[in-house]
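This report introduces a structure to a reader who has not met it before. The sequence and the model are shown first, and the description follows.

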Amino acid sequence: MNFEVFRDAWGIPHLRAGGASALAYAQGYVTAADRGWQIEVERHRMLGTSAGLLGAGEAGWDAFARRARLADTARRCHDALDPDTRAWVAAYVDGVNRGLRDQGGRAPEFARTGGAPGRWEPWTPLGVWLSTHVLFAGFPGKLWRDEVVRRLGADAVDLFATDGPGTLGSNGWLVGAARAADGGALIAGDPHRYIEDPGVYQQIRLACPEFDVVGLAVPGVPGIGHFGHAGSVAWAITNAMADYQDLYRERLRRTGDGGVEALGPDGWRPAHAHREDGVDGVEVVETERGVVVIGGPDEADGEGISLRQPARVFGNLGFATLPALLRARTVADVDRALEGWAEPVNVVLAADTEGGTLHRVAGTVPLRDPENRVRVVPAWEERYAWRGVHAPLPRAEVDGVAVMANERSLAAPLGTEFAPPHRARRIAELLAERETWAAADMAAVHTDTELASARPLLGLVERLDGLTPAGAVLRESLLNWDRRMAAGSVRAAAYARVRSAVVRRIAAHPSLADLTGLAPAYPEVFRPWLALVPRVAYGLENLLTAARLPYGDRLAAVREAVEEVAGVPETTWGELHRLAAWQALPDPGAERPALDGDHDCVLSTSSVPGITDLAARGPAARYVWDLARRENSRWIVPHGASGIPGTAHHRDQLPLWLRGELAPVVTDFDRLTPTEETPVLDVYERTVDGFGTFRLTPVDPAGADIDVLHGWVRDERATFWGMTGLGRDDVRDIYAHMAGLDTHHAFLVRLDGVPVALFQTYEPEADRVSECYEVRDGDVGVHLLVGPPTGDAGGRRGFTAALVGVLVAYALDGLGRKRIVVEPDARNDKAVALFTRSGFEVVGEIVLPEVDLPEVHLPEKRAQLAFYQG
C-alpha cells in the first residue's frame, strides 16, 4: 500500500496517501516504526501478559487485566463495529504489523528484555484504548468512599472530595473569532496525564484527498480522537469527570460441578468462570452485573466485587467516531460524530471557520440509583440495576470564551467528584485580561503558576502567634509570597514543605485512624486510591475548613509544620519539584529536570504532598489550534516524536516543553522533508475476520509466480481468461511486458501465504474498454481470476465475497480511485453474479474490439460492463 512519509524539523511524521484506508495503514506503519516498544508494551498490558516482558512487578496489573476481561471486551466491541470502521481499523493494524516487522525491533528495549515485536489482531487497538482508559473514570475511588462511609459515616465522604490520586484531567479553552487577533477562533489547552517516556500522545498529520488533519493521536489507536485541526474545524476535549462504571458487592458460591453462582435480584444465578493460564492461575468470574475484579467464590466470606462498565455491557467504545472526526468540516459534523462516542466521557470544545462553536459532553453514562455513584452497592438488590443510559446533555452556548478544566460544570449531572474550580477560574481570569488573543499569546495561559488552593493553609498561617524567631520569619515570608509555584521560588518551596508537613500530621489525626492501613486488603492495582496520605493531600482544602477536625487541632498541625520547616535549610521549588516520567523499563540515569507549577495551577504538574515533591503527572501535550490560519497553530509534547532512545527526536522537545514554548505546526508539504525511510510498498495487506490475511504482491515474471499462474490459466475454469492454450514461457512474456507498463499492473493475491487469486488493474483510457464508455477521472479497471480452492479458507462459504471486498478496498483506498470498472465475459455468469453480489452495478453489454498487443492477441469480446462507485 503506497504512502509518503514527510518529517518536520522535530521529526513529527506528516503522512500522505491516496485514500483513508491507505492513510490508516501509513499511520499504523509509522507508529510501529517510531513507537514499536511503547505500543507493544500496551498490547501486552491489555492482554495481561506484561510481566513476561517487563518483570514480575507487573503481575498485579496482569491479573487485573485478565480478571477484567479487557481483551475479550475489545473483541466484543470490534465485532460490533460497522463494516467501514472495521475495515479502517484493520488497515491500521495491517500497517502496525508491517511496521513492527520492518522497523519495530529497532527499539533497544527489545534487546534488553530479550523480547521481540509480536502480532496485532484486528481488535488490538480497541484493547489498547480500553486498557489505557479503564481506570480513567476512577472507579476504584468507590472503594475508598465505601470504606469512608463504613468507618466514618456518609457525611465524611465530602471531606476528601476532589481530583483524587488516580483521576486525570486537562485544561481547555476556546476564544471566539470576535476576540481573536486574526479573526478566527482559537482552541488551546493541555491534557494532564501521567508523563510517560515515550509520551502518551503522538503528534501526527494525516493527509489524503478526503481530509487533512493535524493533531495528537494515541499510539496504537488509529485517527485523531482527542485534539485535532482539520483546516476548517478543530476540536479538543477534557475529562468530564463523569461516573459511568459501577462496583457491585457479590455473594458467590461454588456448585457441585466446580462452577460458580452469584446472588442477584432473582436469586442464585450461574456465573461464567474459567481459569487463566500464566498469571498464578487467575480465575476469571463474570456475573450478570460484571467481571469480578476483587475477591471470589473461594474467599472466606464467599464475597467479591464486580465491575460493570458500558464497553462490556453495550459492546461499544465509540470507535466509529474516529474516522468521522477526520472527515469533519464543521462543528455540526463534529457534533454528529460525537453522538456515537462512548468512553471515556469527555467535555468537548470545537470551532469552525464559518463562526460555529460547540461546547458539549460526549459519552455513555448509565442511568441508575444515585448510591451507585458513591460506593460499592449490593448486587442482590434490584434498585441498583442499570435502567438505560442518560440522554445527551444540552449543549452550552459559547459567549466569546469557553473554559473546561474538569470542574463541576456541564457534566455536573453525570458525576460525583470533580476537580476544584481553581484552574477553570484562573483561565477565565487570564483570558479576560486581554481584548484580543493570538495563537502565540497562549503560552502565557499554559504556564500560569498561581496557586489559589493555598488560601486556606495560608489563612491558618496568618493566625499563628507565639512562634519561635525562625518560625516567625518563615510565617512572614509565606504571607508575603505571591502564591506562584515558580521553579526558582524559595517561598514556593517553603510553602510546599509546610503543606507536606501539615498533610502528614492531619493523616495521623486520631479521627482518621480508622482509614489507615486499608490498601493492603485490596489488590495492588487499586492501592493508590486507598492510601490515606494522598487522600488527605488532595482533600487538604476541605480538611482545613470543615468542622470534622477541631479548629485547635488544625491550627496546631500548621504551627508544628511551620516550626519544622523553619529549621530546614532553604531551597527552591525546582530543587524539590522535578519531573519523574514513567518508563516501562526504568532508566536510573534518566534526567529529572526542575518544574514550575503544582497540582491546582493552570500549569498542573502534580506531586503527592506528604509523600513526594516529584511530579509524575502534568501536561502530556500542549496545543493551540488557530482557525484563521492553521499554519499559526502550535503544539508540544514533553519529550519528542520518537520513542527510540538515543535518536535525534527522542527528547528534543523537552527544553521547549520545560520553558512553556510550543513548536510550530507545519502545513506546507514543500517545507517538509521526504524521508529516506519512506516505504514505497508494493504490497497491500488486509486481515478479514474468519479468513486470515490477504496480501497483494506484484507478479514476479522471473520467479515461481509464473508457475502458479500458468497452472491456473490452463485450467478449464479459467476459459474466459483467454489463456488456456498458452505455454509457460508465453505467460511469462505477457507478465514481463505488463511489468514494464505504467498503465497495467498484475498482482498475485495470497491468503496467509497461499496464492488464491490473480488481480490486475489498468487505466481505462489506455485500454480498449475506453471505446465502449466515457472514462471519468478516478476510474480504474480491474480483472480478477480466482484460483482453484486451496486450503481451508479458499473453499469456505463467503470466501470470494471477502476476496472481492479486499480488492475493492485496495482499488478505492489504496489507489485513491473513485470508481471501479469491470467487464467480465458476457457468458461468464458466475463472474457477473459475483460482482453483482459485491455491489457492482451492471449497466449493459458491450463489445470490446479485437486488438493486437506486442505480446498477446486479444480477440473481440462480448462483455458485461459494470461499475462500483466509491
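Which residues have the most contacts inside the largest nonpolar core? The model is a predicted one, and in it that core has 198 residues, with Phe64, Phe160 and Ile506 making the most contacts inside it.

## Nonpolar cores

Phe160 illustrates how distant parts of the chain meet. Leaving aside neighbours within four places in sequence, Phe160 is in contact with Trp144, Val148, Glu417, Leu512, Leu515, Leu532, Arg535, Val536, Gly539 and Leu543. A second core, separate from the largest, has 32 residues, among them Leu751, Phe759, Ala802 and Ile820.

## The nine-stranded sheet

An open sheet is formed by nine strands in the order β16-β15-β8-β7-β6-β5-β2-β1-β24, and the pairing within it is mixed. Its edges are β16 (357–362) and β24 (673–674), each of which pairs on one side only. Strands of a sheet pair through backbone hydrogen bonds, in either a parallel or an antiparallel manner.

Strand β6 takes part in two antiparallel pairings. With β5 it shares seven bridges, and Ala207 stands opposite Asp212 of β6; a hairpin of two linking residues joins β5 to β6. With β7 (residues 227–229), β6 shares three bridges, again antiparallel, and Val214 stands opposite His229 of β7. Six of the seven residues of β6 are buried, so this strand is largely enclosed by the rest of the structure. At the β16 edge, six bridges join β15 (residues 346–352) to β16 in the antiparallel sense, and Ala351 has Thr357 of β16 as its bridge partner.

Two helices lie across strands of this sheet. Helix α1 (residues 20–47) crosses β1 (3–7), β2 (13–17), β5 (202–208) and β6 (211–217), and runs at about 150° to β2. Helix α11 (residues 331–338) lies across β8 (233–239), β15 and β16, at about 5° to β16.

## The eight-stranded sheet

Another open sheet has eight strands in the order β25-β26-β27-β28-β29-β30-β34-β31, also with mixed pairing. Strands β25 (684–688) and β31 (841–848) each have a single partner strand, so one side of each is left without a neighbour in the sheet. From one strand to the next, the twist averages 30°.

Within this sheet, β27 (residues 744–751) and β28 (residues 754–762) pair antiparallel over eight bridges, and the bridge partner of Phe747 in β28 is Phe759. Helix α5 (residues 83–102) packs on the sheet, touching β25 and β26 (692–698), with a direction at about 125° to that of β25. Helix α22 (residues 705–713) also packs on the sheet, where it touches β26, β27, β28 and β29 (779–786); its direction makes about 85° with that of β28.

## Helices α8 and α19

Helix α8 (residues 141–152) has 12 residues, which at 1.5 Å a residue should span 16 Å, and its end C-alpha atoms are indeed 16 Å apart. Of these 12 residues, 10 are buried, so α8 is largely enclosed by the rest of the structure. The buried residues include Trp144, Arg145 and Val148, and the buried set packs against β9 (246–254), β13 (291–295), β14 (303–308) and α17 (532–538). Just after α8, Gly153 takes a positive phi of about 105°.

Helix α19 (residues 551–566) has 16 residues and reaches 23 Å between its first and last C-alpha atoms, close to the expected 22 Å. Its buried residues are Arg554, Leu555, Ala557, Val558, Ala561, Val562 and Val565. These cover an arc of only 155° around the axis, which puts them on the same side of α19. Their cover includes α14 (455–462), α15 (469–479), α16 (490–507) and α18 (540–545).

## Uncommon backbone geometry

Most residues other than glycine have a negative phi, and most peptide bonds are trans. Against this background, a cis peptide bond joins Asp197 and Pro198, with omega about 5°; Pro198 is in the loop between β4 (186–194) and β5. A cis peptide bond also joins Glu343 and Pro344, with omega about 0°, and Pro344 is in the loop between α11 and β15.

Are the two non-glycine residues described next buried or exposed to some degree? Asn406 has a positive phi of about 70° and is buried, with a relative accessible area of 3%. Arg483 has a phi near 60° and counts as partly exposed at 28% relative accessibility. Asn406 is in the loop between β18 (401–404) and α12 (422–432), while Arg483 is in the loop between α15 and α16.

How values were computed:
Residues are numbered from 1 along each chain as its sequence is written. This is a predicted model: local features need pLDDT of at least 70, side-chain atom pairs count only at pLDDT 80 or more; totals for chains, interfaces and linings use all residues. Side-chain values use heavy atoms; hydrogens and water are left out. Helices (H or I, at least four residues) and strands (E, at least two) are DSSP runs, numbered from the N terminus. The expected span of a helix is 1.5 Å times one less than its number of residues. Buried means under 20% relative accessible area, exposed over 50%, partly exposed in between (1.4 Å probe, protein chains only). The arc is that of the directions from the helix axis to the C-beta atoms. Contact means heavy atoms within 4.5 Å. Two strands pair if DSSP finds at least two bridges between them. Axes are lines fitted to C-alpha atoms, for helices over the stretch in contact, and angles run from 0 to 180 degrees between N-to-C directions. A nonpolar core is a set of buried Ala, Val, Leu, Ile, Met, Phe, Trp, Tyr and Cys residues joined through side-chain atoms within 4.5 Å.
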